[in-house]
Amino acid sequence: MPIVTRYRESNESMKFYVVWQGRQTGIFTDWDTCNKHVKGFAGAKYKSFKTRVEADAAFVGGSTAPAMASANGEKSATKKTTSQSPKTYTASEVSAMSVDTKIFTDGGCVPNPGKAGSGIALYRDESVDELWYGLFNPAGTNNTAELNALFQALIMARDDIAKGVSVAIFCDSKYSIQCVTQWALGWKKKGWKKKNGEIQNLELIKEMFELHQSIKDEVRVLHVNGHVGVEGNELADRMSIIAIERQERGFTRYIEETDVETLLAMRAG
């Protein structure tokens, strides 16, 4: 099983060494340990990164594969993906990712357009720590509900990052992820305009983009598919349904007993 050391980025000069092929694989925080696992190992593949976020992305397989150093110091070029669509992470990849806080987001709308709500499931040290629901809109859309949930997750991530905690956000809406992490940059350069018509949810996206820009080097916003067995995503979905059923316009912490099995047995969105 890969070994992943747990750490926080307390030193700007610290490097993080990813070993894909070696005596032991994983992420290491010092060269001596990394070298011990790759020196003399035929076909060893490893690379250093400046930040934990980059190392985590490389180790579990990000949307762009890194160039890897072989044991003799040569670099082998790896093909970069040409697609701008975010990589979709499986339940096992989510579980293997070494981050202190994992935030799962979801939005629902019944019908679409119709009654909309947002939900969040926040995990700390691999256990459910907080559930949130709300932002009910009687005339909302699924996209707006997804964006609202992601916005709240970014706010939570900012607060944890300020405490030195590592964070990853998992969202099942590629639209929301791409709005904030890809498309908004171009829209802003063009005066918040796009070629083909109006930008929907523009004011919300502007706020989210500015927040993401301020923490983008410290947080990853990743895509997971909905309803494929990712527990955090399923719990966030149930919170969005509770938001709609209770018509909660604020964003409220779920303070009732957290029985995961009972919540998962609820109607899915």
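This is a short tutorial dialogue on reading features of a predicted model.

User: Let's start wide. How many helices and strands does the chain have?

Analyst: Keep in mind that this is a predicted model. The chain comes to eight helices and twelve strands. There are 269 residues, and 46% of them count as buried.

User: And what does the surface look like in numbers? How much area does the chain expose?

Analyst: About 13,600 Å², with carbon and sulfur atoms supplying 49% of that area.

User: Which share of the contacts joins residues at least 24 apart?

Analyst: Take contacts between residues at least 6 apart in sequence: 68% of those join residues at least 24 apart.

User: Now a single helix. How do I read the span of α4?

Analyst: The idea is to set the end-to-end C-alpha distance beside the value expected at 1.5 Å a residue. For α4, residues 142-162, the reach is 31 Å over 21 residues, close to the expected 30 Å. The helix is also mostly covered, with 15 of its 21 residues buried.

User: What comes just after α4?

Analyst: Glycine 164 does, and its phi is positive, about 80°. Then there's valine 165, in the loop between α4 and β10. Valine 165 has a relative accessible area of 17%, so it counts as buried, the cut-off being under 20%. Its C-alpha is separated by 8.2 Å from that of valine 99, which is 66 residues away along the chain.

User: On to β10. Which way do its side chains point, and are they buried or exposed?

Analyst: For a strand, you sort the residues by the side they point to. In β10, Val167, Ile169 and Cys171 point one way, while Ala168 and Phe170 point the other way. All of these are buried, and that covers five of the five residues in β10, residues 167-171.

User: Which strands pair with β10, and in which sense?

Analyst: Here you look at the bridges and the direction. β7, residues 101-110, pairs with β10 in the parallel sense over five bridges. β11, residues 219-223, also runs parallel to β10, again joined by five bridges. If you want residues to click on, isoleucine 103 has isoleucine 169 of β10 as its bridge partner, and valine 167 stands opposite valine 219 in β11.

User: What does valine 221 in β11 touch?

Analyst: Leaving out residues up to four places away in sequence, valine 221 touches Leu150, Leu154, Ile169, Ile177, Thr181 and His212. With a relative accessible area of 15%, valine 221 is buried. The C-alpha atoms of valine 221 and alanine 153 are separated by 9.6 Å, with their positions 68 residues apart along the chain.

User: And where is serine 173?

Analyst: Serine 173 is in the loop between β10 and α5. Its relative accessible area is 7%, so it falls on the buried side of the 20% cut-off. Beyond its neighbours within four places in sequence, serine 173 is in contact with Glu146 and His223.

User: How do β8 and β9 pair?

Analyst: In the antiparallel sense, over nine bridges. Leucine 122 has glutamate 130 in β9 as its bridge partner. The hairpin has two residues between the strands, and there aspartate 125 takes a positive phi near 50°. β9 also pairs with β12, residues 251-253, in the antiparallel sense over three bridges, with tyrosine 133 opposite threonine 252.

User: Last topic: rings. How is an aromatic pair described?

Analyst: By the distance of the centres and the angle of the planes. The count here comes to nine aromatic pairs. In one of them, phenylalanine 104 and tyrosine 123 have ring centres 5.3 Å apart and planes at 70°, so the pair is edge-to-face. Phenylalanine 104 lies in β7 and tyrosine 123 in β8, so the pair ties together parts that are 19 residues apart in sequence. Both residues are buried.

User: Which residues form an aromatic cluster?

Analyst: Tyr17, Trp31 and Tyr46 form one.

User: And which lysines lie over the face of a ring?

Analyst: Lysine 47 lies over phenylalanine 49, at 4.7 Å from the ring centre. Lysine 87 does likewise over tyrosine 89, at 4.9 Å.

Conventions
Residues numbered from 1 in each chain as written. Heavy atoms only, no water. Helix = DSSP H or I, 4+ residues; strand = E, 2+ residues; numbered from the N terminus. Expected span 1.5 Å × (residues − 1). Buried < 20%, exposed > 50% of the residue type's maximum accessible area, 1.4 Å probe, protein only. Contact = heavy atoms within 4.5 Å. Areas by Shrake-Rupley, 256 points an atom, 1.4 Å probe, with all protein chains shown as cover. Pairing = 2+ DSSP bridges. Phe/Tyr/Trp six-rings, centres within 6.5 Å; stacked < 30°, edge-to-face > 60°. Lys NZ or Arg CZ within 6 Å of the ring centre and 35° of its normal.
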